[in-house]
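User: Got a minute to walk me through this one?

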Amino acid sequence: MKIHTEHIVLNVSKDKAFAYIAEYENIPKWSKNFILKLEKIGNEYTATTPVGKMKFEIATDKSTGVIDILLDGKPSPTRVIALGAEMTLYLFTLILPPNMPDAEFQGGIKGLQEELTLLKDQLEK
């Protein structure tokens, strides 16, 4: 597997960051590179991604700050950690197939960095 973790410091409370990131409807607002469209059908969500449609789920644990994003059951682990009353560390681990070409993997990292910057802009406005 190809694994890379990015982080960003958000100047908002852990509770505010957690609530925003864990909300299904907010994902397409900041995950512009990976979640191109999110559709709700009944009680389930389907994400349109650069590689096609996938079942989309979010598994959370507010007490630990875990917000796992699952595409077709495969997790992208994320976590919010309070650094102070109005400062939160957000960690996002990208896990991609081992046979992915390095150029695509690097592109995925760049795309994640762009998304985290967009998330920060949205949360701090």
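Analyst: Sure, let's go from the overall fold to strand pairing and then the surface. Keep in mind that this is a predicted model.

User: Okay, how many helices and strands are in the protein chain?
Analyst: The protein chain has three helices and eight strands. Starting at the N terminus, the order is β-α-α-β-β-β-β-β-β-β-α.

User: And what radius of gyration does the protein chain have?
Analyst: It's 14 Å, which agrees with a compact globule, because 125 residues packed that way would give a value near 14 Å. The C-alpha trace spans about 40 × 35 × 25 Å along its principal axes.

User: Let's talk strands. Is β8 mostly covered or uncovered?
Analyst: Mostly covered: β8 takes in residues 87-96, and seven of those 10 are buried.

User: Which strand do nine bridges join to β8?
Analyst: That's β1, residues 2-10, and the two run antiparallel. One pairing to look for is V9, whose bridge partner in β8 is L89.

User: What about β7, how many bridges join it to β8?
Analyst: Six, again with antiparallel strands; β7 covers residues 78-84. T78 stands opposite F92 in β8. β7 and β8 form a hairpin, with two residues between them.

User: Switching topic: how much area does the protein chain expose?
Analyst: About 7000 Å², with carbon and sulfur atoms supplying 55% of it. As for burial, 38% of the 125 residues count as buried.

User: And how many positive and negative side chains are there?
Analyst: There are 15 positive and 17 negative ones, and the centres of the two sets lie 3 Å apart.

How values were computed:
Residues numbered from 1 in each chain as written. Predicted model: local features only at pLDDT ≥ 70, side-chain atom pairs only at ≥ 80, totals over all residues. Heavy atoms only, no water. Helix = DSSP H or I, 4+ residues; strand = E, 2+ residues; numbered from the N terminus. Rg over C-alpha atoms; globule rule 2.2 N^0.38 Å. Buried < 20%, exposed > 50% of the residue type's maximum accessible area, 1.4 Å probe, protein only. Areas by Shrake-Rupley, 256 points an atom, 1.4 Å probe, with all protein chains shown as cover. Lys, Arg positive; Asp, Glu negative; His and termini not counted. Charge placed at Lys NZ, Arg CZ, Asp CG, Glu CD. Pairing = 2+ DSSP bridges.
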